[in-house]
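Grab a pencil and open the 3D view. Here are some exercises to work through, each with a solution right below it.

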Amino acid sequence: MSDIITLNHGSGGRSSQDLIKDIFIKSFGDPQAVLSDSAILNVNSEKIAFTTDSFVIDPIFFPGGDIGKLAVCGTVNDLSVSGAIPKYLTASFILEEGFLINDLKRIVESMAHQAKIANVKIVAGDTKVVHKGKCDKVFINTTGIGIFENDYKYISTGEKVEIGDKIIVNGTLGDHSIAVLGARNELNFKTDIQSDCACLHELIQDVLKAGMKVKFMRDITRGGLATVLNELAEIVNLGIELIEKDIPVKESVNGLCEILGFDPLYLANEGKVLMIVHSDDANTVVDILKNNHLGKESRIIGDIISDHPKMVVGKTEIGGKRIINMLQGEQLPRIC
Amino acid sequence: MKFINEYRDSEIVKKLSKKLHRYNDLNISLMEVCGGHTMAIHRFGIPFLLPKGIKLISGPGCPVCVSSVNFIDKAIALSEIDDVIITTYGDLIRVPGSQSSLEKEKSKGADIRIVYSTLEALKIARSNQDKKIVFLGIGFETTAPASAVAVQNAYKENITNFYLLSAHKIMPPVMEALLNDDVKIDGFICPGHVSTITGSKIYDFIPEKYKIGCVVTGFEPIDMMQSIDMLANQIFNSSQKVEIQYSRAVKRDGNIKAQAIMNEVFGNRNDFWRGIGEIPDSGLKLKEKYKDFDAEFAFNIDVETKPENPACICGNILRGLKTPKDCSLFNKVCTPINPIGACMVSSEGSCAAYYKYQNYE
């Protein structure tokens, strides 16, 4: 087998078959299984959660993860925050001609590893190869199915959110963005910050299984906490007040944000969940989250209030107030 | 964290706020002339902590806002040349020119790269000998020395494919222009970063000639609150002078070495300030010795810049005479997504800040 991806690997012929067998089936599947056009699944659930996401990132390997880990965790998390238990994933690859087979192997193995952690099966997939320069190394799409043990539809719609509910996050914000930025080598800085990329299914199920009154959940990805909270304020037509000093941000992340003119509230995360919880249960939820290694720095960071509906307002460290808007375009470093 | 959390201590801020409330009857307007201060004021919600009698007004301190439309048009024209790579700080990327923005041109395929320092731009020049690398020089005395160093290095190393398109400006002339205008300014919150380079001495003429106080200020909430207190105190006691609150970074004489490099490379010229107009000797241009690195000299850029919308009152807003609410375009035609005037262009601009906070402050 050659050591780089060639257009032959996408031809559908021998090379394609070899690639599927030697790399994908080896990591994801059952070597004895007959390759068919569809996966046939057993799903015992009246309702299912169904989601899809595509992953592009530069660089494809970064401290704390890689594009494959991201592709599994991203879709697992989208299912998990709906209250579903993730069961099956599909994985489709667009590969650039000339891409190293060894890199592909690393990515696929990383996906298999995460799938095992998340207890999901990767049951179908596809590969296309495009001419050099037509994509950046590798793009991955994953689609996922999850089942419900309870009717948690309200967690997605936010319909039960009410005044007095507490806002909880499971740890420090912005680690993923800064880790990736550092790995890009464009900025002459080195950091030991790792991406927080992780599957949150277990952490979330810990809370749901304990019968906690969770009213709303979202994973805090692109656009950051600020964007998710603005979406929520809009949906529920209530105000949101954040206590900025309680929002966990690593000192090193904060420092780089100061230098680059970024606001950590707008940075992307890949292993963070926002929970809106009934105030009676809030402290218990934080305790449950803290018992999981992905929730050690969980905190209550604010409240749902009646003031300023549809608006997110931060109480600043010094006791002032500021409006926290939705992200407008990509955050650009400010120099002047 | 060293030098951040110490200056965000809410107890100290509270004390300063309480202290400031004794000046409630003063009825004064203090102008900050640095975009960094405008950002900090909103980021920390400082207006909430001031008595009603102390008003903060934002001056022309955001270099992105005051850069002329013509400058952006020229940068775009340069980006359309085949072998040109435009290098720029991220700040400029979304600023609209007459027809387009660098961001839009980048999407269409122009080679426009965001850099974090001028030396990075120089590095791109070294590794792309067959291309011409233009760096867009914006900013006041803070960023001008960095541009000067890049030009000086290019000269020393005989790099022939590096050019500077300068929109660099300096602070004192615009402050004087505002004082000669009918703007009500009772004190200047002077820029911290500019002053690390220039020293506080550049403001000496302001209390001497105009009897207006100046306090060089840092960017943390305690810095800002303390400076406001110092200015109020000067006004209360009629003892207007130049003071340095930001003494951990700024000296009276500034950074002599940086000043020398700036003077070696740049000379003054009349410059156009978006929203304000032409101000004598307020811009920086490469000196004769470095002419070959001047993009305006090296490239024949002829752009036709459309006049700005006559209904836009940014000039009066930048001078503190009007507020965004007085403008007929504000929040109708002119929004952060479709900015018409200078003050809406950058997130540091008064209109953009006002737009964001209008329902609240």
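**Exercise 1.** In which order do the 4 strands of the open sheet in chain B lie? Then work out which strands stand at the edges.

*Solution.* Keep in mind that you're looking at a predicted model. Step one: reading across the sheet of chain B, the order is 4-3-5-6, and the pairing is parallel. Step two: strand 4 (112–114) and strand 6 (162–166) of chain B each have a single partner strand, so one side of each has no neighbour in the sheet, and these are your edges. Step three: going from one strand to the next, the twist averages 25°.

**Exercise 2.** Find the helices of chain B that touch the sheet, starting with helix 4.

*Solution.* Start with helix 4 (residues 69–79) of chain B: it packs on the sheet and touches strand 3 (84–88), strand 4, strand 5 and strand 6 of chain B. Its direction makes about 140° with that of strand 3 of chain B. Now look for helix 6 (residues 118–127) of chain B, which lies across strands 3, 4, 5 and 6 of chain B and runs at about 170° to strand 5 of chain B.

**Exercise 3.** Switch to chain A: which part of domain 1 gives the largest share of the side that touches domain 2?

*Solution.* First, get the bounds: the domain assignment gives domain 1 (7–147) and domain 2 (154–323) of chain A. Next, count: 24 residues from domain 1 of chain A and 24 residues from domain 2 of chain A take part in the contact. On the domain 1 side, helix 2 (67–80), strand 4 (85–96) and helix 3 (101–118) of chain A each supply at least two residues. Helix 2 of chain A wins, with 9 residues.

Notes
Residues are numbered from 1 along each chain as its sequence is written. Chains are lettered from A and ligands numbered from 1 in the order in which they are written. This is a predicted model: local features need pLDDT of at least 70, side-chain atom pairs count only at pLDDT 80 or more; totals for chains, interfaces and linings use all residues. Two strands pair if DSSP finds at least two bridges between them. Axes are lines fitted to C-alpha atoms, for helices over the stretch in contact, and angles run from 0 to 180 degrees between N-to-C directions. Two residues are in contact if their C-beta atoms, placed from the backbone, lie within 7 Å. Domain bounds come from an automatic or database domain assignment.
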